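Work through the exercises below with the sequence and the structure at hand. Each task is followed by a worked solution.

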Amino acid sequence: MKNLLDIVDRAARDEGGGPVRVVHLRIGEMAGVSEDALRFAFDVMAKGTAAEGASLEVEKVPLRIRCAGCGSNSNPADFVFICPECGSRDVEILAGREMEVDYILVGDGSAESENRGG
């Protein structure tokens with residue numbers, strides 16, 4: 001959480017020190033992050049920082065795999081890493097492990113600016 005707040009503080013400084021309005025995260029299904037726990041920690045630890053009062057938006061990234069055998073892409077249910085097309089277990093994870101800051105909106109009340117980074 002400290003790393004996230006450091007990123008938010010840096011973005012606020014880079015944008016002139018205005019208040020942070022939105023912090024948008026992309027969290028993969030396999031990242032092992034509880035959204036409720038994340039929100040609670042963010043609210044508690046953001047007090048006294050540039051992120052205090054900011055809205056935390058969480059975009060859930062579904063698990064997506066590609067079969068090395070037949071090349072098909074799929075979104076497996078329940079983390080079953082078997083190609084639904086050919087039954088191969090030789091698959092590559094394409095998405096679903098992310099845990100990243102997608103963007104931070106910083107504004108001074110009159111105009112908002114957007115800082116994209118991660």
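## Exercise 1: the three-stranded sheet

Strands 4, 3 and 5 make up an open sheet in the order 4-3-5, with antiparallel pairing. The edges are strand 4 (73-74) and strand 5 (91-95), each of which pairs on one side only. The model is a predicted one.

Task: State how many bridges join strand 3 to strand 4, and name the bridge partner of Arg-66 in strand 4.

Solution.
1. Strand 3 covers residues 64-67, and two bridges join it to strand 4.
2. The two strands run antiparallel.
3. Arg-66 has Asn-73 of strand 4 as its bridge partner.

## Exercise 2: a residue in an edge strand

Task: Decide whether Ser-74 is buried or exposed, and list its contacts beyond its neighbours within four places in sequence.

Solution.
1. Ser-74 belongs to strand 4, which is one of the edge strands of the sheet.
2. The relative accessibility of Ser-74 is 14%. A residue counts as buried under 20%, so Ser-74 is buried.
3. With neighbours within four places set aside, Ser-74 is in contact with Leu-63, Arg-64, Ile-65 and Pro-84.
4. Of these contacts, Arg-64 falls within strand 3 (residues 64-67), and so does Ile-65.

## Exercise 3: the loop between strand 4 and strand 5

Task: Place Ala-77, Asp-78 and Phe-79 in the chain, classify each by accessibility, and say which of them have a positive phi.

Solution.
1. Ala-77 lies in the loop between strand 4 and strand 5. Asp-78 is found in that loop, and Phe-79 lies there too.
2. The cut-off for exposed is over 50% relative accessible area, and for buried under 20%, with partly exposed in between.
3. Ala-77 is exposed because its relative accessibility is 54%. Asp-78, at 72%, is exposed.
4. Phe-79 has a relative accessible area of 41% and is therefore partly exposed.
5. Most residues other than glycine have a negative phi. Asp-78 is not a glycine, yet its phi is positive, at about 55°. Phe-79, not a glycine either, has a positive phi of about 55°.
6. For a distance across the fold, take Ala-77 and Arg-64: they are 13 residues apart along the chain, and their C-alpha atoms are separated by 9.8 Å.

## Exercise 4: strand 1 and its partners

Task: Name the strands that are joined to strand 1 by bridges, and give the direction of each pairing.

Solution.
1. Strand 1 spans residues 20-28 and is mostly covered, with seven of its nine residues buried.
2. Seven bridges link strand 1 to strand 6 (residues 99-107), and this pair runs antiparallel. Within it, Val-22 has Leu-105 of strand 6 as its bridge partner.
3. Seven bridges also link strand 1 to strand 2 (residues 55-61), but here the strands run parallel. Val-23 stands opposite Leu-56 of strand 2.

## Exercise 5: a residue of strand 2

Task: Classify Ser-55 by accessibility and find its contacts outside its neighbours within four places in sequence.

Solution.
1. Ser-55 lies in strand 2.
2. Its relative accessible area is 34%, so Ser-55 is partly exposed.
3. Beyond neighbours within four places, Ser-55 is in contact with Arg-21, Val-22 and Val-23. Strand 1 (residues 20-28) is where these three contacts lie.
4. Ser-55 and Gly-16 are 39 residues apart in sequence, and their C-alpha atoms are 19 Å apart in space.

## Exercise 6: the chain as a whole

Task: Describe the order of helices and strands, the extent of the chain, and its surface and charges.

Solution.
1. The chain has two helices and seven strands, in the pattern α-β-α-β-β-β-β-β-β along the sequence.
2. The radius of gyration is 18 Å, whereas a compact globule of 118 residues would have one near 13 Å. The C-alpha atoms fill a box of roughly 55 × 25 × 20 Å along the principal axes.
3. Buried residues make up 33% of the 118 residues.
4. Among contacts with a separation of 6 or more, 64% are between residues 24 or more positions apart.
5. The accessible surface is about 7,000 Å², and carbon and sulfur atoms account for 46% of it.
6. The chain has 13 positive and 21 negative charges, and their mean positions are 3 Å apart.

How values were computed. Residues numbered from 1 in each chain as written. Predicted model: local features only at pLDDT ≥ 70, side-chain atom pairs only at ≥ 80, totals over all residues. Heavy atoms only, no water. Helix = DSSP H or I, 4+ residues; strand = E, 2+ residues; numbered from the N terminus. Rg over C-alpha atoms; globule rule 2.2 N^0.38 Å. Buried < 20%, exposed > 50% of the residue type's maximum accessible area, 1.4 Å probe, protein only. Contact = heavy atoms within 4.5 Å. Areas by Shrake-Rupley, 256 points an atom, 1.4 Å probe, with all protein chains shown as cover. Lys, Arg positive; Asp, Glu negative; His and termini not counted. Charge placed at Lys NZ, Arg CZ, Asp CG, Glu CD. Pairing = 2+ DSSP bridges.
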